[in-house]
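Subject: The structure for you to look at

Hi,

Here is the structure I promised to pass on. Have a look at it first, and then read on for what I found in it.

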Amino acid sequence: MELWYTEKQTPNLGITCLVRETLCHIKTPFQDLAVIDTLQFGKMLVLDGMVQTTEQDEFVYHEMIAHIAMQAHPNPKDVLVVGGGDGGAIREVIKYDSVESATLVEIDEAVVEMSKKYLPGISVGLSDPRVNVLIADGIKHVKESVGKYDVILVDSTEPVGPAVGLFSQDFYAGIYRALKKDGMLVAQTESPFFNRDLIRSAYSRIKSVFPLTKLYLASIPTYPSGLWSFTVGSKCYEPEEGKQKPLETKYYNSAVHKGAFCLPNFVSELLEAEER
């Protein structure tokens, strides 16, 4: 008998994968967590019925949330990742020799532990001596940190449950205060096909706080629509310009860095409508 997993990405659309095995399925204090082994995408982390990462396409998301700011900032030493308990963003951050400390703040300890157990290729960076893993509320941590970080990455789930506050105006203002005088923020901001209102609001809120705000895109097969957006806020450095040496990556390179900011008309119009 075949077993298939389906994520309903909208009320009218889903993604379906043939499952080899369910490796774990637990209820945490915060969410429903599963790790399944699929024939198409390998092992897949699922939270509240939504695909968070897979072995086959995770490199796109993790490289693109990390390297835009890490390349644009000339000397990122202290980096914070809010969410991202699978460790993929941290893995990319610590590829930089300049990084002295990388802090991961994840509210759900089970995400970290299950990722270490079942997704070692993604979570490998969590054992690096420069990495500090805090099981805590990321919003509270940001509020308590002032002028501490060079780069902050908001690697959040969709804006439901404990992640709702990670898209708020107060949170972005807190990030601004938690950054050093030349700091940079990157936040994942969902699909321009299915989450237009969220993109407009997140972009507008970040733009109201940061003098330089840009949206960029990447193609991630298992995420709703396959086209995903990120928003970068910078206190002074131009996000479109990479300054660091090339890295060992599968998706990101200097041409992709620049090209990611070349937005299709329908995405540009989302932002223009918000700015008017």
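Five strands make up an open sheet in the order β1-β2-β3-β4-β5, and their pairing is antiparallel. Keep in mind as you look around that this is a predicted model. At the edges of this sheet you'll find β1 (3-10) and β5 (50-54), each of which pairs on one side only. From one strand to the next, the twist averages 45 degrees. If you want one pairing to zoom in on, try β3 (residues 32-38) with β4 (residues 42-47): they run antiparallel and share six bridges. I36 is a handy spot to start, since its bridge partner in β4 is M44.

Now go to helix α3 (residues 109-118). Which residues of α3 are buried? They are A110, V111, V112, M114, S115 and Y118. These buried residues pack against β3 and β4 from the sheet above, and also against β2 (13-27), β7, α4 (120-123) and β8 (131-135).

There is another open sheet to look at, this one with seven strands. Its order is β8-β7-β6-β9-β10-β12-β11, and the pairing is mixed. β8 and β11 are the edge strands with a single partner each, so one side of each has no neighbour in the sheet. Here the twist averages 15 degrees between one strand and the next. Inside the sheet, β10 and β12 pair in the antiparallel sense through five bridges, and A187 has T231 as its bridge partner in β12.

Two helices lie across this sheet. α1 crosses β6, β9, β10, β11 and β12, and runs at about 160 degrees to β9. α6 lies across β6, β9 and β10, at about 145 degrees to β10.

Next, the nonpolar cores. The largest one has 38 residues, and the members that touch the most others are M64, V93, L153, V186, Y216 and F230. Elements that give two or more residues to this core include α1 (58-72), β6 (78-83), α2 (88-93), β7 (101-106) and β9 (149-155). β10 (179-188), β11 (212-219) and β12 (227-234) are also on that list. Which element gives the most to this core? That's α1, with 10 residues. Apart from this core there is another one, with 21 residues, including L80, Y149, A178 and A187.

F230 is worth clicking on. Leaving out residues up to four places away in sequence, F230 touches Y61, M64, I65, V186, A187, Q188, T189, K214, L215, Y216, A218 and I220. F230 also belongs to an aromatic cluster, together with Y61, Y216, Y223, W228 and F261.

That brings me to the aromatic rings. A pair of rings is described by how far apart the centres are and by the angle between the planes. There are eight aromatic pairs here. One of them is F171 with Y172, a tilted pair with 6.3 Å from centre to centre and 45 degrees between the planes. Are these two buried or exposed? F171 has a relative accessibility of 3%, so it counts as buried. Y172 is buried too, with a relative accessible area of 0%.

Then take Y176 and F210. Why is this pair called edge-to-face? The ring centres are 5.2 Å apart and the planes stand at 65 degrees, so the pair is edge-to-face. Y176 sits in helix α6 (residues 169-178), while F210 is in the loop between α7 (196-207) and β11, so the pair ties together parts that are 34 residues apart in sequence. Y176 is partly exposed, with a relative accessible area of 30%, whereas F210 counts as buried at 2% relative accessibility. Y176 has another partner as well: K235 lies over the face of its ring, at 4.1 Å from the ring centre.

Last stop: R200, in helix α7. R200 counts as partly exposed, at 25% relative accessibility. How many residues along the chain separate R200 and L271? They are 71 residues apart, yet their C-alpha atoms are separated by 6.2 Å.

Have fun turning it around!

Cheers

Notes. Residues are numbered from 1 along each chain as its sequence is written. This is a predicted model: local features need pLDDT of at least 70, side-chain atom pairs count only at pLDDT 80 or more; totals for chains, interfaces and linings use all residues. Side-chain values use heavy atoms; hydrogens and water are left out. A nonpolar core is a set of buried Ala, Val, Leu, Ile, Met, Phe, Trp, Tyr and Cys residues joined through side-chain atoms within 4.5 Å. Buried means under 20% relative accessible area, exposed over 50%, partly exposed in between (1.4 Å probe, protein chains only). Helices (H or I, at least four residues) and strands (E, at least two) are DSSP runs, numbered from the N terminus. Contact means heavy atoms within 4.5 Å. Two strands pair if DSSP finds at least two bridges between them. Axes are lines fitted to C-alpha atoms, for helices over the stretch in contact, and angles run from 0 to 180 degrees between N-to-C directions. Rings of Phe, Tyr and Trp (its six-membered ring) pair if their centres lie within 6.5 Å; planes under 30 degrees apart count as stacked, over 60 as edge-to-face and the rest as tilted. A charge sits over a ring if NZ of Lys or CZ of Arg is within 6 Å of the ring centre and within 35 degrees of the ring normal.
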